[in-house]
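Q: Could you show me how to read a pocket and the packing of helices in a protein model?

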Amino acid sequence: MWHRDWVAILDLGSQYTHLIARRIRELGVYSEIVDFRITPSELRERNPKAIILSGGPASLTLRTAPVCDRDIFNLGIPVLGICYGAQLMAKLLGGEVERAKAHEYGKAILRVKSKRTLFKGLNSQEVVWMSHADKITKLPEGFSVISSTDNSLYAGIENRKKKLYGVQFHPEVVHTPKGEKILENFVVGISGCKKSWTMSSFIKTKIKEIRGAVGKERVLCALSGGVDSSVLAVLLHKAIRKQLICIFIDNGLLRKGERETVVRRFKNYYRMNLKVVRAEDLFLKNLKGVIDPEKKRKIIGNLFIKVFEKEAKKLGKIKFLAQGTLYPDVIESKSAWGGPSSTIKTHHNVGGLPEKLGFKLIEPFKFLFKDEVRALGRELGLPEEVVFRHPFPGPGLAVRVIGEVDKEKLDILREADAILIEEIKKAKFYEKLWQSFCVFLPVKSVGVMGDERTYENVIAIRAVESQDAMTASWAHLPYELLEKISNRIINEVKGVNRVVYDISSKPPSTIEWE
Ligand code: XMP
């Protein structure tokens with residue numbers, strides 16, 4: 001653990017665990033999610049200033065329920081149990097938990113009885129978010145009630161002397177308006193954490209750490225031009241300069257001007273050691289005749305690794321590979337429940353280079369959320385257009401040309417897409433959207449241009465709003481904007497005579513068409 005004041009969050013399986021971590025970091029305090037089976041001695045060694053027990057879907061009335069070590073409560077470190085975490089704390093310390101007759105789900109009014117500790121600065125009544133079936137029916141010794149709701153007598157409990165706290169509701173979700181204040185009271189007020197987790201402190205520590213790990217060796221980085229790999233490359237460049245070698249593979253499935261922009265930005269401006277590989281022909285050759293989207297993905301993913309491997313070999317023995325792995329990936333793969341981050345779906349845009357390549361991995365973002373990587377990029381001086389770029393799928397335009405892919409279709413799609421993005425940005429909609437792009441449809445339709453009948457291609461526009469890509473709603477773009485985009489695409493892109501707007505939401509549709 002490289003940050004002195006930090007909060008350990010024991011993951012008991014809640015889908016909100018990552019939210020607890022984020023809320024605490026938003027306060028300026030570093031937090032990390034750990035396995036609930038962590039031992040008291042490990043905790044003592046890693047020395048968090050506060051411990052939070054997350055919620056979880058299990059019931060303590062079942063034998064399979066996850067249980068942490070009871071001695072965690074004797075470490076002298078303040079503990080806050082949330083929902084299941086609070087029930088677990090109560091039970092382990094001698095209280096009782098029972099199955100309630102009815103689930104309590106949704107908003108509830110919390111009546112605050114004591115405003116001295118956890119609820120400092122709150123009103124006597126506050127809205128909170130509940131989601132539980134079991135409840136505490138008897139308090140352990142030394143505990144008292146500091147808040148209740150109609151359904152939960154023990155909605156807030158404390159053992160002030162031992163600094164142990166429990167809440168039945170979820171302070172980490174937005175539906176608990178004063179949730180952040182409650183977490184701040186616990187983390188800063190009760191536990192004494194300093195608000196020192198900033199991106200500039202992160203950069204300093206990481207640079208030192210990277211230099212220490214790498215020594216005089218070289219580091220390889222697959223640069224795609226997306227947010228994560230761009231920020232990663234700039235951070236590494238700052239740390240190790242010429243020891244960093246970036247490889248950019250143009251697979252012919254990228255957006256208009258992508259390769260040129262990457263070269264301008266990273267080679268000319270940052271003066272990075274950038275190797276550009278032009279592999280359009282190879283990718284397109286392999287995609288010939290392929291219609292099935294999953295087949296396309298497989299072919300592109302495998303080819304990427306092959307090309308990367310070949311290029312890497314040319315460079316001689318390189319020990320390290322840098323990857324932009326984000327925290328949600330780590331939580332997902334480590335969770336005992338497979339659940340905590342199940343609402344987050346992340347994609348490795350470079351397809352996850354296999355371990356068999358024999359590199360040692362450098363993953364500086366392993367503990368960062370996406371918005372923290374964006375903040376880091378800003379702090380490192382990357383332009384907004386990089387930092388706030390929409391996500392772009394690894395298989396690129398191959399999954400946006402429906403059916404068989406070829407260069408002609410890709411070129412048409414690139415031109416149309418560039419117009420769409422330009423107009424969306426001009427109208428100041430880009431930041432409001434999760435994604436916006438064009439799709440090339442495998443149909444031709446009749447049109448009329450001047451006096452002539454045309455028989456040409458159809459472009460679909462997709463623009464969605466979303467938080468995490470798990471669900472998405474089609475964006476209600478103004479008609480005037482749609483009209484402008486459609487006019488420009490039809491007039492300026494040869495081979496297109498019709499533009500349609502996709503008005504489907506996810507679910508049941510997906511964001512991409514393939
Ligand atoms: P769907 O189409 O499943 O997309 O609603 C959800 C999000 O994932 C992106 N996406 C991909 N990203 N490789 C990627 O790196 C892929 O194969 C892939 N397929 C979809 C999509 O752009 C959206 O952000």
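The dialogue below turns to one pocket and then to one pair of helices.

A: This is a predicted model, in which local features need pLDDT of at least 70 and side-chain atom pairs count only at pLDDT 80 or more, while totals for chains, interfaces and linings use all residues. Residues are numbered from 1 along each chain as its sequence is written, and side-chain values use heavy atoms, with hydrogens and water left out.

Q: How much space lies in the second largest pocket?
A: Rolling a probe the size of a water molecule over the atoms shows where empty space is left. The second largest pocket holds about 540 Å³.

Q: Which residues lie nearest the centre of this pocket?
A: They are Lys256, Glu258, Arg389, Ile421 and Lys425, out of 24 residues in the lining. Helix 13 (407-426) is one of the elements that supply at least two lining residues, and helix 13 gives the largest share, five residues.

Q: Where does the second largest pocket lie with respect to the domains?
A: Domain bounds come from an automatic or database domain assignment. Domain 2 (199-387) and domain 3 (400-501) both give residues to the lining, so the second largest pocket lies between them. The assignment also gives domain 1 (6-190), and the centres of domain 1 and domain 2, taken over C-alpha atoms, are 38 Å apart.

Q: How do helix 5 and helix 6 pack?
A: Helix 5 (residues 199-214) and helix 6 (residues 227-240) pack at an angle of about 65°, and their axes are 9 Å apart. The two helices are therefore roughly perpendicular to each other (a term for angles of 65 to 115 degrees).

How values were computed. 1 Å grid on protein atoms, 1.4 Å probe; cavity = no way out; pocket = protein on both sides within 12 Å on 5 of 7 lines; lining within 4 Å. Points joined across faces, edges and corners; volume = space filled by probe spheres on them. Helix = DSSP H or I, 4+ residues; strand = E, 2+ residues; numbered from the N terminus. Axes fitted to C-alpha atoms, helices over the stretch in contact; angles between N-to-C directions. Parallel < 35°, antiparallel > 145°, perpendicular 65-115°, else oblique.
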